[in-house]
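Me: I'm new to this structure and would love a close look at a single part of it, the sheet and what surrounds it. Could you walk me through it slowly, one step after another?

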Amino acid sequence: MKIPTEVKSIIKKLESGGFEAFVVGGCVRDLLTGNPPAGGPHDWDITTNARPEEIQKIFPHNFCNNKFGTVTAVTGAKKESLKEIEITTYRTEGAYRDKRWPEKVEFVGKLEDDLARRDFTINAIAMNAKGKTIDPFGGAEDIEKKIIKAVGDPDQRFNEDALRLARAIRFACQLSSVGGKIRQLADKDFKDKLSPLSWKIEEKTFNAIKKHSKSMAMISLERTRDEFTKIILSEYPAEGVELLKETGLLGYIVPELEKGIGVSQNRHHIYTIYEHAILSLKYCPSEKLEVRLAALFHDIAKPEAKRGAGLDATFYNHDIMGANAVKRILSRLKFSNEAIEKTSHLVRNHMFFYNVDEVSEAGIRRLIKRAGKENLKDLIDLRIADRLGSGVPKAKPYKLRHLEYLIDKVSRDPISVKMLKLNGNDIIKILKIKPSPIIGAILNVLLAEVLEDPKLNTKKYLTGRVKELSKLSPDKLKAKSLEVIEEKKEEVELAEKSRFGVK
């Protein structure tokens, strides 16, 4: 990763105008760590001692409609992420009465004063166009040590902007690479199942997060949702949610999850409801937001649904109750209607029943109709997450592989007259007859011939054969096609069973 040409060009134009200019913040951090921008492809920010009106003179194609003096320069670049680049004047900030935005900003002439207002040391590094860094708070050293530490006094930083509480955890999850040996599924201790993050939150900063956790309630639900989503989509979502719990933030984001803490299940589970939710998220094989949310929330209603105690406890209707709870939670957090419906639908159907010898192809068709063909892969991923989150060693037992095979079988018809370049209506027109059993018989003969030689599947050839075959009786037509079609179906079925590892 390197500074894009468009960004360097802006810095050089500001320098040519007699001003200082640097890339700053997350883009510098990501340059130094070698990671893609954590904030996405638009995360290139420039800071300068030029005032907003001076920036606008240098970059006449711009817009500036905010009280913080940020000017967005329109670069004309072809790449979408570089068409608009934000340029901000060095500034300090006044009191944060709403724990999110300063009441006023004051422009200053020193870069160090601007860096001092930033959240974490790793985000308080500036870099010029040649790659030289200005790092008054030791951010580069903290990057090397993989430490997330507040700039200056952590109490002051979190008092200014409470969203930083969740951002610290999000950065720990996003920036971490594999932090040690992945724990074995056989480990029964919940903590041993979680991976140690390679990035740590510095102790004083971590303690300040716990101290100020109640301030999370003052953050808008949309911004809370965005940070929560980034944690869920990181490589370490389960570890992130556990950190939210340890710091006290979870109770202000998804308090419903905390109801499962310490609540035992039954003979089918070795973990509490909360632990099972976290581990299901950890082992979810899907990278889709809705599937990961469903893995985390699929048993969210179990504390309410629980009846009895010990090994024989029951949780009747927790799937239906859970789907309703998911709608309430995600609506509260301002998720999109699409995400809400998809996640709740997965939770509602996560208990689908399947035993190899007890469910017919008709039953599979009913499952497809109920759950939707487009959701079946996600439901199977959810079932895998549920299984692994229960401590079982195998992600896909035989019956789940058999289910995938049957779903594939009934979802498509590889040996069918639909393969032909000609249909029943065509035969009616060719022979000028009314619908009758002979039409199906002719189609089967044509199918048998095409299975033997796929090159024959042309409209011209099939049309000629229809006229010839119409002279035979239905019994003779059936005899000509049956054996070939059945042999081919058996051949295809054996190949498909082998693909899915079933007998």
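Reply: Happy to! One term will help before we start: two strands are said to pair if DSSP finds at least two bridges between them. Please also keep in mind that this is a predicted model.

Let's begin with the sheet as a whole. It is an open sheet of seven strands, in the order E3-E4-E5-E2-E1-E8-E9, and its pairing is mixed. Strand E3 (62–63) and strand E9 (133–134) are the edge strands: each has a single partner strand, so one side of each has no neighbour in the sheet. As background, strands of a sheet pair through backbone hydrogen bonds, in either a parallel or an antiparallel way.

Starting from the E3 edge, we can follow the pairs inwards. E3 and E4 run antiparallel to each other and are joined by two bridges. If you would like a spot to find on the screen, look for Asn62, which has Ala73 in E4 as its bridge partner. Next, E4 pairs with E5, again in the antiparallel sense, and here there are four bridges. Val71 is a good residue to look for in this pair, with Ile87 in E5 as its bridge partner.

Further along the order, strand E1 (residues 21–24) meets strand E8 (residues 126–127) in an antiparallel pairing with two bridges. There, Val24 stands opposite Ala126 of E8.

Now for the helices that lie against these strands. Helix H1 (residues 5–16) lies across E1, strand E2 (45–48), strand E4 (71–74) and strand E5 (84–89), and runs at about 150° to E1. Helix H2 (residues 26–33) packs on the sheet too, where it touches E1, E2 and E8, and its direction makes about 70° with that of E1.

H2 deserves a pause. This helix is mostly covered, since six of its eight residues are buried. Those buried residues are Gly26, Cys27, Val28, Arg29, Asp30 and Leu31. Cys27 counts as buried because its relative accessibility is 0%, and the cut-off for buried is under 20%. What do the buried residues of H2 pack against? Their neighbours are E1, E2, E8, helix H5 (139–145) and H7. Just past the end of H2 comes Gly34, with a positive phi near 80°.

H7 leads us to one more feature, the aromatic rings. The structure has two aromatic pairs. One of them joins Phe120 and Phe171 edge-to-face, with 6.1 Å from centre to centre and 90° between the planes. Phe120 sits in the loop between helix H4 (111–115) and E8, while Phe171 belongs to helix H7 (residues 163–175), so this pair ties together parts that are 51 residues apart in sequence. Both rings belong to buried residues: Phe120 has a relative accessible area of 0%, and Phe171 has a relative accessibility of 2%. Ring pairs also bring in Phe158, linking Phe120, Phe158 and Phe171 into a cluster. Phe171 has a charged neighbour as well, because the charged end of Arg170 sits over its ring at 4.6 Å from the centre, within the 6 Å limit used for such a contact.

To retrace the path, we began with the open sheet of seven strands, went on to helix H2 packed on it, and finished at the cluster of Phe120, Phe158 and Phe171.

How values were computed. Residues are numbered from 1 along each chain as its sequence is written. This is a predicted model: local features need pLDDT of at least 70, side-chain atom pairs count only at pLDDT 80 or more; totals for chains, interfaces and linings use all residues. Side-chain values use heavy atoms; hydrogens and water are left out. Contact means heavy atoms within 4.5 Å. Axes are lines fitted to C-alpha atoms, for helices over the stretch in contact, and angles run from 0 to 180 degrees between N-to-C directions. Rings of Phe, Tyr and Trp (its six-membered ring) pair if their centres lie within 6.5 Å; planes under 30 degrees apart count as stacked, over 60 as edge-to-face and the rest as tilted. Buried means under 20% relative accessible area, exposed over 50%, partly exposed in between (1.4 Å probe, protein chains only). A charge sits over a ring if NZ of Lys or CZ of Arg is within 6 Å of the ring centre and within 35 degrees of the ring normal.
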